[in-house]
Amino acid sequence: MKALNRREVVAALLERRDGLLVVAGLGAPAWDCTAAGDHPLTFPLWGAMGSACMIGLGLALAQPERRVLVVTGDGEMLMGLGSLATIGVLRPGNLSIVVLDNERYGETGMQKTHTAYGVDLAAVARACRFADARIIRTKAGIVAVRSGIYRARGPLLFQIKVRPDAPALVLPPRDGAHLKQRFREALLGTQ
Amino acid sequence: MPRKTSKTRSADAIDWPAAIHTALKSQRVRQVSYVPDAGHKRLIELCHADKGMTAVPLTTEEEGVALAAGAWLGGERAALLMQSSGVGNCANALTLAATCGFPLLMLVTMRGETGERNPWQVPMGQATPEALRLAGVRTLRLERAEEASAVANTAARIAFEEQSAVALLISQQLIGVKSFEEKR
C-alpha cells in the first residue's frame, strides 16, 4: 500500500485552522507544520524530545474552550510513551495527537523506530483510556482525522502512516523565547 | 543558617504542607503535577481536594516540566512536585526553561541527606543542587516548618514574576528519614 505524503496530510489538517492551538514535535513534524504556514499559535519544538504531548496536555487543561492538536513523530512519541498514560488519567476532551509515523528516525539517518517492527502506538493510546485512537493509512482516513481534531470528544490519537521521505526543510523560528511570547500574545493578548 | 540538631515538638506541629498549599493558591497556581514522595503526601492530598487546582499524576518527572510549559502557553501557572531522585529524570526537558524562558516551580523533597538509610538514594540526592544549577535552575532551601509559607511564596515569585526556573529543596531533616521498619 502506498503510504501518505506527510506534507499533504499536515496541510490538510491545518488549513482553515480557526482557533486551533498546535504543538509541533521536534524535527520533521515541526518542518511540516511550518510548511503548512508559520503561525503564532503553533509552538514548534527544536529540542526537549518526548515533551510534545505533555505540553499539549498543559495547554489543553489551561484552555478548555479551545481545541489543541499535538503533531509529532513516531520517534518523539516513543520517547514520551508515559505521557499517554498521564493524558489517560486527565482525559481532556479538547486534546488530539497526530503521530506522523514514517517508522524512522528521520533526522539522524533514517534508522528504524519501534513502529517499523510493529509496535502499535494507537493500541497503546486505547489502552491508556483515549476516547479514540486509530492507525490511518488512506486519504479517506484523513477526512475522519480532521473531523476528530476539530469536533470530536478527546483525547484522540491518530497514528498516520506516512512515507519515509525527507521533504525540503522549512524551518520555524528557532528562538524559543520568541516562539513562547508570540504564542502567548496571540492567545492571551499582551499581558 | 544555623541548623537545629533535633526537631522540636512545636516545629512538628506546624502544618508546613498546608502552608505550601496556601502559598500555591495565593500565587494562583492551577496545575500541580507530581510523582509521589512520602514527604509530599499531604500536599498532594490537599491539591487533589482543591477544586481550584488540577492535580496531575505523572509517570516520570520530566513530564511535569513540559506540562508547566504548556500551562504557561495557555495562561496558567503550574507547580511540579517530586523527590530528589526525580531531578535527574528532568535533565533534558529543562531545556524548555533554559531556552524558552518558561517559568518553572519545582518543589523537591530531599533524599540522600543526613541519616538516609537507603544508599541508592544518596548519589542523586547529593548531586541534586548541582544538577539543577547546571541545568539553569535556581535553588532555595526549606529547612524549618515555620519558614514554609515565606519560602514557598518567594519561590513562586521567582518563578512567575521573574519568569525563571526555580526549585525549592525541602530538607530531609524537615520531612523525616524513612525508617524501613514495619509500622506497628
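**Exercise 1. Chain B as a globule**

Work out what share of the 184 residues in chain B is buried, and how the radius of gyration of chain B fits a compact globule.

*Solution.* Start with burial: in this predicted model, buried residues account for 47% of the 184 residues of chain B. Next, the radius of gyration. A compact globule with 184 residues would come out near 16 Å, and chain B has 15 Å, so the two agree. For the outer dimensions, take the principal axes: the C-alpha atoms of chain B fill a box of roughly 45 × 35 × 35 Å.

Now for the wiring. Chain B has 8 helices and 6 strands, and along the sequence they run α-α-β-α-β-α-β-α-β-α-β-α-β-α. Finally, look at contacts in chain B with a separation of 6 or more: 76% of them come from residues 24 or more positions apart.

**Exercise 2. The same routine for chain A**

Find how many helices and strands chain A has, then judge its radius of gyration against the globule rule.

*Solution.* Count the elements of chain A and you get 8 helices and 8 strands. The globule rule gives 16 Å for 191 residues, and chain A has a radius of gyration of 15 Å, close to that value, so chain A is as compact as a globular protein of that length. Along the principal axes, its C-alpha atoms fill a box of roughly 50 × 35 × 30 Å.

Burial next: 50% of the 191 residues in chain A are buried. As for contacts, take the pairs in chain A at least 6 apart in sequence; 74% of these join residues at least 24 apart.

**Exercise 3. Two helices inside chain A**

At what angle do helix H1 (residues 6–14) and helix H2 (residues 28–35) of chain A pack, and which residues make the contact?

*Solution.* Step one is the geometry: the angle is about 55°, and the axes of H1(A) and H2(A) are 9 Å apart. Step two is the label. Angles of 65 to 115 degrees would count as roughly perpendicular and those under 35 as roughly parallel; H1(A) and H2(A) are therefore oblique to each other. Step three is handedness, and this crossing of H1(A) and H2(A) is right-handed.

Step four is the contact itself. H1(A) brings A:Arg6, A:Arg7, A:Val10 and A:Leu14, while H2(A) brings A:Ala28, A:Asp32, A:Cys33 and A:Ala35. Sorted by class, the residues of this H1(A)–H2(A) contact are 5 nonpolar, no polar and 3 charged.

**Exercise 4. Backbone oddities in chain A**

Which peptide bond is cis, and is A:Ala48 buried or exposed?

*Solution.* First, the baseline: most peptide bonds are trans, and most residues other than glycine have a negative phi. Against that, the bond from A:Gly154 to A:Pro155 is cis, with omega near 0°. A:Pro155 sits in the loop between helix H7 (139–151) and strand S8 (156–161) of chain A.

Now phi. A:Ala48 isn't a glycine, yet its phi is positive, about 55°. You'll find A:Ala48 in the loop between strand S2 (42–44) and H3 of chain A. With 28 other C-beta atoms within 10 Å, A:Ala48 is buried; the cut-off for that is 20 or more.

A:Arg91 is another non-glycine with a positive phi, about 50°. Its loop runs between H5 and strand S4 (95–101) of chain A. A:Arg91 has 14 other C-beta atoms within 10 Å, which means that it's partly exposed.

**Exercise 5. Across the interface**

How many residues of chain A are in contact with chain B, and how does H3(A) pack on helix H4 (residues 62–73) of chain B?

*Solution.* The count is 27 residues of chain A touching 27 residues of chain B. On the chain A side, the elements giving two or more residues are helix H3 (52–62), helix H5 (81–90) and helix H8 (176–188). That side has 16 nonpolar, 9 polar and 2 charged residues.

Zoom in on H3(A) and H4(B): they pack at about 40°, with axes 6 Å apart. That angle makes H3(A) oblique to H4(B), and the crossing is right-handed. Residues making the contact include A:Met54, A:Ile55 and A:Gly56 of H3(A), plus B:Glu63, B:Ala66 and B:Leu67 of H4(B). By class, the H3(A)–H4(B) contact has 12 nonpolar, 3 polar and 1 charged residues.

Key
Residues numbered from 1 in each chain as written. Chains lettered and ligands numbered in written order. Predicted model: local features only at pLDDT ≥ 70, side-chain atom pairs only at ≥ 80, totals over all residues. Helix = DSSP H or I, 4+ residues; strand = E, 2+ residues; numbered from the N terminus. Rg over C-alpha atoms; globule rule 2.2 N^0.38 Å. Buried ≥ 20, exposed ≤ 12 C-beta atoms within 10 Å, placed from the backbone. Contact = placed C-beta atoms within 7 Å. Nonpolar A, V, L, I, M, F, W, Y, C, P; charged D, E, K, R; others polar. Axes fitted to C-alpha atoms, helices over the stretch in contact; angles between N-to-C directions. Parallel < 35°, antiparallel > 145°, perpendicular 65-115°, else oblique. Left-handed = near helix turned anticlockwise from the far one by under 90°.
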